[in-house]
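Here's a quick tour of one chain, from the overall numbers down to a few side chains. Have the viewer open as you read.

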Amino acid sequence: MNQNQTNAGGSALKRVELKDLDPNMSNVLIVGIIIAKQRPKVFESQRSEPSAPRAVWNFTLRDSLQHYINVCYWGPSELIFNTNEKFSSGAVVQILNPNITIRKLDDRSEQYHPMVTSPYKLSLTEKSAIIPHVQTEFFLNLLNYPTKPTAVFVPIHDIHNRGGSIQFADVLGAIRGLSQIRSIHTRLNEVIQAREVEVFDHTSHCLRVTLWEPDLIERSNNWKARTTVIFLTDLRIEWSNYAHSYVAKSTGRTIVTESPRSKEAQMLLDYAQTAPIATFDIVEQLVTSMPASKTYPRLHRSCFKH
């Protein structure tokens, strides 16, 4: 850190690690790596007089194996969208002059942000700032450590068999295929992008996962069939009449860890490189030719073909 770093008011900033945060602190500087981010959202101003559009951007910051925190940046729409464009997942940043508050676990907003280890959250305003920091190997390595234990993931076979009783699931999967990115018109007359990713594991050859966040869609461009393993947290599980199977969708709580450093991930990678996927297709054809029972819905017909 530059020892002469100051805030807008000229006061010196003190670098603090996430583990040492306290709500009574001010003039703080925090260095970490962005491990997840959401698209900014524009919201209506509560002021009676007309004002410039305002927006909010949420992302998750990590500075060690054990410590990560959610950050909420409020400000003029142009500032928020420009800042979001500058920093993607994997960017190492300095957070200057944040407001530190205690998380309220019963707060409804907690449902829409990733699960984190910090008891606090960071709020940023026009008095705060985000600037680039040197991308050291220490911070970049944090991207490959899951934020939840990979040993407690839900096998894909279980999702297909009892998906009706699973609302959210953590999934460890190997990439099997990627669909084309498609544009969708929302009810609010917005155009957003989505992409379906196909993953498999030791128990099942296919789970369709829809990615909604632009950051995840961009990251998926680097994923390769059979050679990329990902750990996805808090996927929403739903039945799809189109796919005739249970499918998964990313949510505001989802964090995706690429090439996770764990025993389970390494075992899946070894399996994925030699898995008899063609055999899976044959078995699937036999299963889908059977009548669907009322108790157990018919399994999915097919995933993307290569």
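## A walk through the fold

Let's start with one aromatic side chain: Phe139 is buried, with a relative accessible area of 5%. Its ring sits with that of Phe138 at a centre-to-centre distance of 5.2 Å, and the planes make an angle of 75°, so the pair counts as edge-to-face. Keep in mind that this is a predicted model. The structure has four aromatic pairs, and two of them are set out here.

| Pair | Centre distance | Plane angle | Type |
|---|---|---|---|
| Phe138 and Phe139 | 5.2 Å | 75° | edge-to-face |
| Trp239 and Tyr246 | 5.0 Å | 75° | edge-to-face |

In the second pair, Trp239 is partly exposed at a relative accessible area of 33%, whereas Tyr246 is buried at 12%.

Now zoom out. The chain is built from six helices and 16 strands. It has 306 residues, and 48% of them count as buried. Among contacts with a separation of 6 or more, 67% link residues 24 or more positions apart. As for the surface, the chain exposes about 16,300 Å², with 52% of that supplied by carbon and sulfur atoms.

**Strand 4 and its partners**

How many of the residues of strand 4 are buried? Nine of the nine, covering residues 54-62, so the strand is largely enclosed by the rest of the structure. In a regular strand, side chains alternate between the two faces of the sheet. Here Arg54, Val56, Asn58, Thr60 and Arg62 point one way, while Ala55, Trp57, Phe59 and Leu61 point the other, and all are buried. Note that the first set includes Arg54, Asn58 and Arg62.

Strand 4 has several antiparallel neighbours. Strand 2 (residues 28-37) is joined to strand 4 by four bridges, with Ala36 standing opposite Thr60. Strand 3 (residues 41-43) also runs antiparallel to strand 4, over three bridges, and Phe43 has Arg54 as its bridge partner. With strand 5 (residues 68-76) there are nine bridges, again antiparallel; one pairing puts Arg62 opposite Tyr68. A hairpin of five residues makes the connection from strand 4 to strand 5.

**Two nonpolar cores**

The largest nonpolar core has 23 residues, and Leu21, Leu61 and Ile130 have the most contacts inside it. At least two residues each come from strand 2, strand 4, strand 5, strand 6 (92-96) and strand 8 (120-124). Which strand gives the largest share of this core? Strand 4 does, with four residues.

Ile130 is a handy residue to click on. Beyond its neighbours within four places in sequence, Ile130 is in contact with Trp57, Phe59, Tyr73, Thr83, Phe87, Val93, Gln94, Ile95 and Leu124. Apart from this core lies another, of 22 residues, whose members include Val197, Ile230, Leu232 and Tyr246. That is the Tyr246 whose ring pairs with Trp239.

**Helix 5**

Finally, look at helix 5 (residues 263-272), where Ala265, Leu268 and Ala272 are buried. They span an arc of only 65° around the axis, which puts them on the same side of the helix. An α-helix has 3.6 residues a turn, so residues three or four places apart point the same way. The buried residues of helix 5 pack against strand 10 (168-178), strand 12 (191-200) and strand 14 (229-240).

Methods: Residues are numbered from 1 along each chain as its sequence is written. This is a predicted model: local features need pLDDT of at least 70, side-chain atom pairs count only at pLDDT 80 or more; totals for chains, interfaces and linings use all residues. Side-chain values use heavy atoms; hydrogens and water are left out. Buried means under 20% relative accessible area, exposed over 50%, partly exposed in between (1.4 Å probe, protein chains only). The arc is that of the directions from the helix axis to the C-beta atoms. Contact means heavy atoms within 4.5 Å. Rings of Phe, Tyr and Trp (its six-membered ring) pair if their centres lie within 6.5 Å; planes under 30 degrees apart count as stacked, over 60 as edge-to-face and the rest as tilted. Accessible areas come from the Shrake-Rupley method with a 1.4 Å probe; for residues, only the protein chains shown count as cover. Two strands pair if DSSP finds at least two bridges between them. A nonpolar core is a set of buried Ala, Val, Leu, Ile, Met, Phe, Trp, Tyr and Cys residues joined through side-chain atoms within 4.5 Å.
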